[in-house]
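Please open the model in your viewer and keep the sequence panel beside it, since the tour moves from one selection to the next.

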Amino acid sequence: MSSARASTGSRTEKRKAQTRQKLIGAARAMLADGTVQQASIQDITEAADVGFGSFYNHFTSKSELFEAAVADVLEETGALLDELTGDIDDPAAAFAQSVRLAARLARTRPETAKVLVRHGMTYLGSDRGLAPRALRDITAGIASGRFQASNPRLALAAVGGSLLATLHLMLSDPGVPLQKTCDQLAEHLLRLLGLPADEARELSLRPLPEAGPIG
């Protein structure tokens, strides 16, 4: 009997998790297309294909849902970059690869890129997602002597702003060349952080992981 109850409880928890993820998925789409302000809870539950009443089993308000959706995008992207750069010992090389991969989101994951452009600046001080990982890499580069920046948080602001502006540029203009733009962004940011021009260029042109989840 207890086994049956455990099985039922497990199925219930799975359904709850699926409903929550459907709501977050609908919110992510609305964040990307800029329809957050006019969206009602009814609109959200219909887009998620869940019952209206189930919304309040997971979130107390629309604002709480959209905050969770932004955090979900940032954390997902940060985890992907960690996965693709985790075996690189040189902090400058890891930084360059992360920048190039993140900039590619404009074409490989446009919905994610749109969320980052619309809401990423607000989360530069967040303890989740891309910002803390970028700050970690910048700090490691400074500690190892690879980067010459004296203020890690100011460097993060410069890097974050440049990445978001580049994503916006590529989303706005499909004619902007993907590879060249991503590589040049990494090169410019490495030089900003104090690397010599020739080394910054070499790091920005290294082969990227093949067929990764970011591309």
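Does Arg-28 count as buried or exposed? Select Arg-28 in this predicted model, and follow the chain around it: the residue sits in helix H1, which spans residues 2-33. Arg-28 counts as buried, because its relative accessibility is 10%, and the cut-off for that class is under 20%. Now display what surrounds the side chain and backbone of Arg-28: once neighbours within four places in sequence are left aside, Arg-28 is in contact with Ala-69, Asp-72, Val-73, Glu-76, Glu-111, Thr-112 and Val-115.

**The whole chain**

Zoom out next and colour by secondary structure. The protein has 10 helices and 0 strands, so that, by the assignment used here, the order of elements from the N terminus reads α-α-α-α-α-α-α-α-α-α. Taken along the principal axes, the box filled by the C-alpha atoms is roughly 65 × 45 × 35 Å. If you colour by burial instead, buried residues make up 42% of the 215 residues. With a surface shown, the accessible area of the protein comes to about 11,100 Å², and 52% of that belongs to carbon and sulfur atoms. Of the contacts between residues at least 6 apart in sequence, 69% join residues that are at least 24 apart.

**Helix H3**

Select Ala-71 next, which has its place in helix H3. Ala-71 is buried, with a relative accessible area of 15%. Keep Ala-71 selected and add Val-115, one of the residues in contact with Arg-28; although Ala-71 and Val-115 are 44 residues apart along the chain, their C-alpha atoms are separated by 10 Å.

**The cavity**

How many cavities of 30 Å³ or more does the structure hold? There is 1 such cavity, and about 350 Å³ of space lies in the largest cavity. To find this cavity, select Leu-130, Ala-131, Ala-134, Val-159 and Leu-163, which are the closest to its centre among the 26 residues that line it. Then show helix H3 (62-85), helix H4 (91-103), helix H7 (130-143) and helix H8 (152-172), each of which supplies at least two residues of the lining. Colouring the lining of the largest cavity by residue class gives 16 nonpolar, 5 polar and 5 charged residues.

**Helix H10 and the segment after it**

Move on to helix H10, residues 197-204, where Ala-200, Leu-203 and Ser-204 are buried. These residues lie on the same side of H10, because they cover an arc of only 95° around the axis. To see what covers the buried residues of H10, display H4 and helix H9 (178-192), which are included in that cover.

Finally, step to Leu-205, which is found in the segment after H10. Is Leu-205 buried or exposed? Leu-205 counts as exposed, because its relative accessibility is 53%, with the cut-off for exposed set at over 50%. Not counting residues up to four places away in sequence, Leu-205 touches Arg-100 and Asp-183. As a last selection, draw the C-alpha to C-alpha distance from Leu-205 to Ala-47: these two residues are 158 residues apart in sequence and 42 Å apart in space.

Terms used. Residues numbered from 1 in each chain as written. Predicted model: local features only at pLDDT ≥ 70, side-chain atom pairs only at ≥ 80, totals over all residues. Heavy atoms only, no water. 1 Å grid on protein atoms, 1.4 Å probe; cavity = no way out; pocket = protein on both sides within 12 Å on 5 of 7 lines; lining within 4 Å. Points joined across faces, edges and corners; volume = space filled by probe spheres on them. Helix = DSSP H or I, 4+ residues; strand = E, 2+ residues; numbered from the N terminus. Nonpolar A, V, L, I, M, F, W, Y, C, P; charged D, E, K, R; others polar. Buried < 20%, exposed > 50% of the residue type's maximum accessible area, 1.4 Å probe, protein only. Arc of directions from axis to C-beta. Contact = heavy atoms within 4.5 Å. Areas by Shrake-Rupley, 256 points an atom, 1.4 Å probe, with all protein chains shown as cover.
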